[in-house]
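Visitor: Could you take me closely through one part of this model, the open sheet, together with what lies across it and the loops that deserve a second look?

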Amino acid sequence: GAANLPVIVDLATDFTRLPLNHPDAALLGVEDALVKRAYYASLQLASGVCVSNESFAEVLRQSSLPVDVIPDGWNQFDIMWSRPLLNSMFFNLGLNLIPGQIDDVIPLRRAVTRLIREFPHTRLVISGDLDVYQMFDNLPDARKLFLPPMELADYPYLLARMDLLMVSLKESEFNRLRSDRLLLEAGARRIPWVAAPVPAYVEWGSGGLIAASSEEWYIHLQTLIQDAELRHKLGQSGYQKALQRDLQSLSKLWARLMQKPVENKI
């Protein structure tokens, strides 16, 4: 910078691949010439770049950028993460979304609709995307629930409304570079999951099952709906993996990253 201070750019996602229907596209998408210029300038001027997963890091390294990976974390001492799960008369199949993900959920629609009809104690819980909720208009109102966005501090409470997390994503360059944050959060709440074969999800590996086709979605979800022991086992496995990502554990990585520009100047 102008003061000759090291600058580290922490990138949450690859803004050059941001889908046009993403809620941040209008503000942060590089379709805008000014945003594009600012984005690339910040990368070129940075002393270092930090991202949350190796797939994204490899893309940036192809441009010879100095990239470090510090994965997403959570605070295990935040009491919201340890509040007991809510009692419900339903077994809740959860979709935790942001607006604009209707194309991601389409591969899952048939399997979920079939399972909701086959198992009377199940309910579909959708957070964040009203369009996806409306996509399941063929289900009775009593068998589906929409949760509006909550304050960040209440986010663990939102997850507590789900007994099984489903992470459905279509094949795209943007989705292939996603972090494992959703699976980390499921682990923090001891919630088993079924997810698309995104590289970061496959690498995370603990606490759930990977579904690479519509048939696998149906089989895996059916298995977990019926097998409480497996759900418990996967939930515990995900939690143990999540403990490795507590903020205290990641603080050493951040300290090391902050020290690197100083060492490089010596």
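Guide: What follows starts with the sheet, moves to the helices and ends with three loop residues.

This is a predicted model, in which local features need pLDDT of at least 70 and side-chain atom pairs count only at pLDDT 80 or more, while totals for chains, interfaces and linings use all residues. Residues are numbered from 1 along each chain as its sequence is written, and side-chain values use heavy atoms, with hydrogens and water left out.

Six strands make up an open sheet with parallel pairing, in the order E6-E5-E4-E7-E8-E9. At its edges stand strand E6 (144-147) and strand E9 (208-210), each of which pairs on one side only, and from one strand to the next the twist averages 20°. Helices (H or I, at least four residues) and strands (E, at least two) are DSSP runs, numbered from the N terminus, and two strands are taken to pair if DSSP finds at least two bridges between them. Within the sheet, strand E7 (residues 164-167) pairs with E8 in the parallel sense over three bridges, and Val167 stands opposite Ala195 in E8.

Two helices can be described against these strands, where contact means heavy atoms within 4.5 Å, and where axes are lines fitted to C-alpha atoms, for helices over the stretch in contact, with angles from 0 to 180 degrees between N-to-C directions. Helix H5 lies across E4, strand E5 (122-127) and E7, running at about 150° to E5. Helix H11 (residues 214-226) lies across E4, E5, E7, E8 and E9, and runs at about 175° to E8.

Gln101 lies in the loop that leads from strand E4 (91-96) to helix H5 (102-118). With a relative accessible area of 8%, Gln101 is buried, the term meaning under 20% relative accessible area, with exposed meaning over 50% and partly exposed in between (1.4 Å probe, protein chains only). Apart from its neighbours within four places in sequence, Gln101 is in contact with Asp129, Val132, Ser168, Leu169 and Arg178.

Two further loop residues draw attention through their backbone. Most residues other than glycine have a negative phi. Arg190, although not a glycine, has a positive phi of about 60°; it lies in the loop between helix H9 (181-188) and strand E8 (193-195), and is partly exposed at 37% relative accessible area. Ser64, also not a glycine, has a positive phi of about 60° and lies in the loop between helix H3 (54-61) and strand E3 (67-69); because its relative accessibility is 67%, Ser64 counts as exposed.
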